[in-house]
Amino acid sequence: MMRTRILILICCVLSIVACRKQSWDEYYGRPDSLAQPIYQVLQKKGNFVHFLKCIDKSGYKKTLSNGGYWTCIAPNDEAFEKFFKDNGISGDEGIDSVMAQKIVKYSLIYNAYRKESLTDYQQSSGPDTSIAFKRKTAYYSWVYKNGDSLILSSNANGFFVPEDNNNKYLPYFLDKFFTFKGLSAYDYNFFYPESKYTGFNIAGASVVESDIPAENGLIDIVDRVIMPLPDLDDYLNSKDQYSEFRRLLAMVVSYQSNPEITQRNYALSGQPDSVYIKYFDAGNALGLAFSPNNENYLLGGTDAQIDGYGMVVPTNDALIPYEATILQHYKTFEAAPVSVLVALLNAHLWTSGPWPSNLISSVNSSSEPPTFSLSDIVDKKVCSNGFFYGINKVQQANVFRTVYGKPFLDPNYTLITKALDQDIKFSLINPALKFTMVMISNDVLNNNGYSYNTDRDEWVYQPPGGTETGGSLSQARVNRILASSVFLTMNGEMDDLSGEGIVESWNGEYVRYKDNTLFASGNMDDGTVVRIDSTAQTFNGKVLYTTGLLTFSEVATGAHLGRLAESDPDDYSYFFKYLVKSSIWSKSDSTITGMTAGSPYTIFVPTNAAIMDAVRAGLLPGDKTTGEPDFSPSDFGDQQNVISFIQYNILNKNMVAPDGKKNGDFVTLLQTLDGVATKLKIANSVGSMQIYGMKGDVANMNVAKSNILCDMAIIHSIDKVLDFRTSSE
């Protein structure tokens with residue numbers, strides 16, 4: 001009885017379990033219409049014998065037979081037959097587990113993408129269509145041996161993320177992306193001349209069939225076996241014709257032991273030795289534009305889907321002679337500042353991949369267009385993290401070929417280079433502009449009291465017998481001297497300095513030249529000149545090697561007028577006498593009310609004869625019969641006339657010289673009762689100038705008596721007092 005009851009109970013339990021399982025399977029079971037996993041789909045199609053054997057050897061059979069979410073790039077048997085033949089492989093037995101893993105893991109793209117979705121840029125804010133051409137794969141390079149050391153590539157620019165495996169990306173080329181980028185079949189065949197562009201290519205292969213569904217993803221069938229692409233660093237290291245560039249690049253590489261990766265490698269391989277991360281000096285002000293061994297592009301997220309780097313590498317035959325040119329003074333990169341080496345390297349690095357058809361409009365990491373053409377490219381390769389171009393010439397860096405390059409590449413001019421870097425470097429390296437620059441050696445600066453304190457990171461100035469100053473005041477002095485030594489000469493204005501003339505410097509001050517000498521306002525004060533010993537031509541102008549320093553005046557403009565009144569009384573004394581007796585003159589510091597220190601001015605000084613004519617005409621106080629001026633009039637109206645006369649002859653915030661550059665209307669210090677500024681009209685040509693007043697009268701510059709350079713001002717002698725009256729009288 002007991003045995004019978006137990007059997008009945010067991011039958012009931014089994015019946016209940018069976019019913020429950022049937023209900024479970026009906027609700028949760030695998031639908032009959034669901035496609036098989038990737039491995040089984042490939043088996044069923046029957047043309048993937050070789051690829052399936054690779055999957056078996058790689059250890060990925062279980063992965064591809066179960067869950068997951070992959071896009072599998074599957075080479076068919078014909079692709080493998082070609083692969084065996086091209087690489088001298090006997091057959092499946094010639095592929096070991098290591099090669100099998102490379103083939104299989106690089107064929108697996110994380111997540112399943114239909115053809116129309118492959119061009120979507122996957123980002124947290126949602127996909128951006130048409131702009132992607134790469135996807136991350138399951139393959140990544142692990143620790144490798146270099147000599148006796150274990151090395152792992154960096155996975156970021158200038159740092160390392162232990163959790164990131166630096167997975168390689170697989171490029172694909174679709175019509176949708178090419179249309180968006182303005183590319184064509186030419187851009188594909190430039191890299192893959194033996195493969196036909198079909199509108200859907202993956203690396204050097206054509207897609208035979210796409211979007212084949214599987215339980216754990218999608219399958220795209222290709223006609224070639226795709227091996228993992230090298231990164232830019234790996235490809236460079238494999239080519240001996242670029243060994244010199246490789247040597248230079250190695251100078252900015254460092255290796256740092258990583259305990260976490262060391263532990264992981266020990267667990268995987270049993271090797272206890274330390275693993276060193278290979279860093280490129282990237283990500284800082286003096287570093288490389290990027291790390292050529294970084295697969296993660298710029299942001300380290302998904303941005304590698306839409307772009308990559310570019311590396312343009314000159315052959316040894318092109319690079320070595322170029323090095324001799326730029327190292328004429330330093331001889332070696334070790335002796336030169338590190339910025340010289342980095343400038344050379346960065347000139348050959350593009351932070352956005354330059355497509356062949358868009359090469360001419362691309363720019364390198366220094367924002368410079370290529371100085372080579374497609375015909376100069378002797379080697380090209382699509383790498384996992386960018387485009388590699390081998391060229392038979394050097395990419396010309398603007399910091400070398402422009403006027404800036406002359407001090408930059410010479411140890412005798414390190415101080416002026418520092419000053420240029422702090423101020424106007426980026427103007428000087430513009431190849432579209434033309435400059436003339438006075439070279440200022442370290443010795444010249446030191447002899448004139450200027451030095452750079454590296455401990456305090458500031459300029460220092462100490463005049464002879466004076467007190468040392470630093471900080472912003474010394475910096476401003478250096479900047480002003482520097483700006484006075486740089487000239488924008490788009491039309492070759494300083495090609496011939498054997499005559500006499502005047503030129504405007506970078507900061508608007510003027511410098512005069514005569515018989516191959518130069519002198520600025522400070523030189524005029526102390527009677528010195530800067531002699532030109534030699535010149536050198538560059539791509540965007542020339543430099544002048546000199547024996548002195550162009551200095552600025554530290555004498556007030558009013559004091560200059562006083563000196564002129566003494567040295568040239570016929571042309572300057574009457575104007576000065578009117579000035580010093582007026583209420584706008586400051587006797588304590590020889591300044592003029594309305595003129596601000598540091599701002600530019602032009603002062604037109606009528607001669608004594610012109611002032612006497614103005615007295616006779618009743619414009620200025622004095623004896624109308626003799627023309628003798630009254631410099632201290634008692635009448636308030638006469639006093640105001642004198643002030644108006646002086647103000648009308650001073651151009652406000654502008655310096656004008658007879659160089660043919662500035663013409664038109666210029667505001668003066670004189671204002672009407674309504675507060676409206678009056679103007680003078682200048683007709684300027686080289687060596688002469690006419691000044692038109694507001695009443696239509698005209699004065700001519702006395703050139704031989706003019707061009708007196710002052711502190712941010714210039715003084716000219718003129719032959720007429722222009723009618724300064726603002727009323728209708």
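## Helix α2 and its surroundings

Let's start where helix α2 ends: it is followed by Gly46, whose phi is positive, near 80 degrees. Please keep in mind that this is a predicted model. The helix itself spans residues 38-45, and its buried residues are Ile38, Tyr39, Val41 and Leu42. Looking down the axis of α2, you will find these buried residues within an arc of 165 degrees, so they line one face of the helix. A general point helps here: an α-helix has 3.6 residues a turn, so residues three or four places apart point the same way.

What covers that buried face? The cover of the buried residues of α2 includes two helices, α3 (49-58) and α4 (61-65). Strands take part as well, including β1 (70-75), β8 (205-214) and β9 (217-222).

## A seven-stranded open sheet

Further along the chain, seven strands form an open sheet with mixed pairing, in the order β19-β16-β24-β23-β22-β21-β20. Its edge strands, β19 (486-488) and β20 (500-504), each pair on one side only. From one strand to the next, the twist averages 30 degrees.

Within this sheet, β16 (residues 435-439) and β24 (residues 541-546) make a parallel pair over five bridges. If you would like a residue to look for, Phe435 has Gly541 in β24 as its bridge partner.

## Two loop residues with positive phi

Most residues other than glycine have a negative phi. Two residues here are worth a look with that in mind. Asn111, which is not a glycine, has a positive phi near 80 degrees. Asn111 sits in the loop between β2 (108-110) and β3 (134-136), and with a relative accessible area of 37% it is partly exposed.

The other residue is Ser590, also not a glycine, with a positive phi near 60 degrees. Its place is the loop between β25 (585-586) and β26 (591-592). Is Ser590 buried or exposed? Its relative accessibility is 19%, and the cut-off for buried is under 20%, so Ser590 counts as buried.

## Where α22 meets α23

Helix α22 (residues 569-580) and helix α23 (residues 608-616) have axes that come within 7 Å and cross at roughly 50 degrees. That angle makes α22 oblique to α23.

Which residues of α22 meet α23? They are Pro569, Asp570, Asp571, Tyr572, Ser573, Tyr574, Phe575 and Tyr578. On the α23 side, the contact involves Asn608, Ile611, Met612 and Val615. Sorted by class, the contact has eight nonpolar, two polar and two charged residues.

Methods. Residues are numbered from 1 along each chain as its sequence is written. This is a predicted model: local features need pLDDT of at least 70, side-chain atom pairs count only at pLDDT 80 or more; totals for chains, interfaces and linings use all residues. Side-chain values use heavy atoms; hydrogens and water are left out. Buried means under 20% relative accessible area, exposed over 50%, partly exposed in between (1.4 Å probe, protein chains only). Helices (H or I, at least four residues) and strands (E, at least two) are DSSP runs, numbered from the N terminus. The arc is that of the directions from the helix axis to the C-beta atoms. Contact means heavy atoms within 4.5 Å. Two strands pair if DSSP finds at least two bridges between them. Axes are lines fitted to C-alpha atoms, for helices over the stretch in contact, and angles run from 0 to 180 degrees between N-to-C directions. Angles under 35 degrees count as roughly parallel, over 145 as roughly antiparallel, 65 to 115 as roughly perpendicular and the rest as oblique. Ala, Val, Leu, Ile, Met, Phe, Trp, Tyr, Cys and Pro count as nonpolar, Asp, Glu, Lys and Arg as charged, and the others, Gly among them, as polar.
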